[in-house]
Amino acid sequence: MNALTLTEATALTMSSREIAELTGKEHRNVMRDTRAMLAELHGEGGMLSFEHTHRNPQNGQEYPIFLLPKRETLILVSGYNLQMRARIIDRWQELEAQPVA
């Protein structure tokens with residue numbers, strides 16, 4: 001899954017779903033950690049600019065996700081263990097090396 005996206009402002013982001021996959025954490029736990037981090041960094045209202053919806057292609061249901069820029073992604077995973085941090089950093093390097101379409 002390539003969850004790298006270009007937002008309207010053309011900023012690179014990584015989804016909370018991809019962060020969960022790369023770190024081996026459950027998505028609900030990544031969501032919890034992300035909410036706590038964003039509330040502390042940006043206040044409760046600041047979370048809205050990062051919240052999005054993912055539509056499950058199998059059943060069409062929509063689920064909340066976060067699309068985080070590199071800074072917030074790295075802040076989030078800085079609390080995770082070394083191997084998890086390394087996977088996220090390696091993935092960001094891969095994504096940034098790809099040509100932008």
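This passage walks through helix H1, its surroundings and two buried residues in a predicted model.

Helix H1 is a handy place to start. The helix covers residues 16-23, and its buried residues are Ser 16, Glu 18, Ile 19, Ala 20 and Thr 23. So what does the covering? Several elements share the job, including strands S2 (12-15) and S4 (62-68), along with helices H2 (27-46), H3 (70-77) and H4 (82-97). Once H1 is over, Gly 24 comes along with a positive phi of about 75 degrees.

Thr 23 deserves a look of its own. This residue sits in helix H1, and it counts as buried because its relative accessibility is 3%, while the cut-off is under 20%. With residues up to four places away in sequence left out, Thr 23 touches Val 30, Tyr 80, Met 84, Arg 87 and Ile 88.

Ile 19, another buried residue of H1, leads on to the nonpolar core. The largest such core has 18 residues, and the members touching the most other members are Ile 19, Leu 38, Leu 68 and Leu 76. Two or more residues of this core come from each of H1, H2, S4, H3 and H4. Leu 68 has quite a list of contacts: setting aside neighbours within four places in sequence, it meets Leu 12, Thr 13, Met 14, Ile 19, Thr 34, Leu 38, Phe 50, Thr 73, Leu 76 and Trp 92. Ile 19, Leu 38 and Leu 76, then, turn up both among the contacts of Leu 68 and among the core members that touch the most others.

Over in helix H2 there is Asp 33. Is Asp 33 buried or exposed? It counts as buried, because its relative accessibility of 18% falls under the 20% cut-off. Not counting residues up to four places away in sequence, Asp 33 touches Lys 25, Leu 76 and Tyr 80. Its side chain also makes a polar contact of 3.0 Å with the side chain of Arg 32. Asp 33 and Val 77 are 44 residues apart along the chain, yet their C-alpha atoms are separated by 9.3 Å.

Tyr 80 links several of these threads, as it is touched by Thr 23 and by Asp 33. Lys 25 lies over the face of the Tyr 80 ring, 4.5 Å from the ring centre. As for rings pairing up with each other, how many aromatic pairs does a search of the whole structure find? The count comes out at zero.

How values were computed
Residues are numbered from 1 along each chain as its sequence is written. This is a predicted model: local features need pLDDT of at least 70, side-chain atom pairs count only at pLDDT 80 or more; totals for chains, interfaces and linings use all residues. Side-chain values use heavy atoms; hydrogens and water are left out. Buried means under 20% relative accessible area, exposed over 50%, partly exposed in between (1.4 Å probe, protein chains only). Helices (H or I, at least four residues) and strands (E, at least two) are DSSP runs, numbered from the N terminus. Contact means heavy atoms within 4.5 Å. A polar contact is a pair of N or O atoms within 3.5 Å; within protein, one must be able to donate a hydrogen and the other to accept it, and residues adjacent in sequence count only if both atoms are side-chain atoms. Rings of Phe, Tyr and Trp (its six-membered ring) pair if their centres lie within 6.5 Å; planes under 30 degrees apart count as stacked, over 60 as edge-to-face and the rest as tilted. A charge sits over a ring if NZ of Lys or CZ of Arg is within 6 Å of the ring centre and within 35 degrees of the ring normal. A nonpolar core is a set of buried Ala, Val, Leu, Ile, Met, Phe, Trp, Tyr and Cys residues joined through side-chain atoms within 4.5 Å.
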